Amino acid sequence: MRKRLLIAGCFLLLGASPAVAETPLTAGDHIGYPMNAKERVKTPLIWQIELIDERDQSTEVIELNEFGYQPGNTVQRDELVVFAKQLAEAIDTPMRNPTINKDGVITPGQARVILAEEELIDTLLHATFLDSQIPLPIYVTEPTVSEEQLEGIDLYEIGAFTTYFNPNVAGRSENIRLSAGSIQDFVLGPGDQFSFNQVVGERTIERGYKEAKEIVNKEFVMGVGGGICQTSSTLYNAVEEAGLEMVERITHSKDIGYVPAGRDATVSWGGPDFKFKNPHSHPVIIRTEVSLERGEITVSVHSNQHITP
């Protein structure tokens, strides 16, 4: 389901008359426009637009003057790009399906909310002084799985894989535990795509990740989040057994030891990602189990239907 929000536009004029030029100019038309005294009276000195979020009716007033507008000068697209990106960071929300843990506790899903940045920029550049309302392109996509579809989703194990690590290497072990927890109980509906980097998020000290060895350009170096590739590689082997479809996978530049050669999936924030999608006609759920005592991680994939190899 898609929804659109609105912008209410307003402007302040130099002089008492609300009149504008006979052919309304857009925000991007002013450069080089001949401005005589009469036209200056009819042209807004300060151009304000009130952004309205219809979800809660909250508003934010911006002045196009802050983006380069003044009588005789155009709005600067580059500055609108920065503004739209900042606005999107506050609005955009990834879609997440509802999920259920081993105890049967359901966590509600959340809709995907996206601000179409380029559409917003073009709309503002083509705005005229006569525009009082402009559609703000915010789109909402509901989860692809309902809570009712979670019933029996873990009935059958359709894929699983276990790898082992040295539990005495504390930083690396903690990174494996944290990253495995991020994908715990993740549900993919039919056709849904999984991105390891998007789901696990950035690996930072602030989020609890530790420094540990990782492979960079065929060499072992220390880096925050070292060891999470064991999580992604274990996940790869489990989802392949479950019949999920690989979208993006890159192997390490040297042998890593905890999986057979060529059976790994390297990941890096801002770099390689591991992506796959659910080609089945029903949802699947990912489960993880990490033992810091035994030094092992298991990833399994479950469904309410058997999968024929």
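Which side chain of opposite charge is nearest to D264, a residue that is buried yet has no salt bridge? In this predicted model, local features need pLDDT of at least 70 and side-chain atom pairs count only at pLDDT 80 or more, whereas totals for chains, interfaces and linings use all residues. Residues are numbered from 1 along each chain as its sequence is written, and side-chain values use heavy atoms, with hydrogens and water left out.

The nearest such side chain is that of R249, 4.8 Å away from D264. A salt bridge needs a side-chain nitrogen of Lys or Arg within 4 Å of a carboxyl oxygen of Asp or Glu. Buried stands for under 20% relative accessible area, exposed for over 50%, and partly exposed for values in between (1.4 Å probe, protein chains only). D264 sits in the loop between β14 and β15, and its side chain makes a polar contact of 2.5 Å with that of H252; such a contact is a pair of N or O atoms within 3.5 Å, where within protein one must be able to donate a hydrogen and the other to accept it, and residues adjacent in sequence count only if both atoms are side-chain atoms. Beyond its neighbours within four places in sequence, D264 is in contact (heavy atoms within 4.5 Å) with residues including S233, Y236 and I256.

The strands on either side of this loop belong to an open, antiparallel sheet of three strands, ordered β11-β15-β14. Strands here are DSSP runs of E with at least two residues, and helices are runs of H or I with at least four, numbered from the N terminus; two strands pair if DSSP finds at least two bridges between them. Because β11 (193-195) and β14 (245-248) each have a single partner strand, they stand at the edges of the sheet. Three bridges join β14 to β15 (residues 275-277), and E245 has K277 as its bridge partner in β15.

The side chains of E248 and K275 add a salt bridge, with the closest N and O atoms 3.7 Å apart. E248 lies in β14 and K275 in β15, so this pair ties together parts 27 residues apart in sequence. E248 is partly exposed at 25% relative accessible area, and K275 is also partly exposed, at 23%.

Overall, the structure holds ten salt bridges. One of them joins R287 and D185, with the closest N and O atoms 2.5 Å apart; R287 is in strand β16 and D185 in the loop between α4 and β10, 102 residues apart. R287 counts as buried at 4% relative accessibility, and D185 counts as buried at 11%.

Conventions: Lys, Arg positive; Asp, Glu negative; His and termini not counted.
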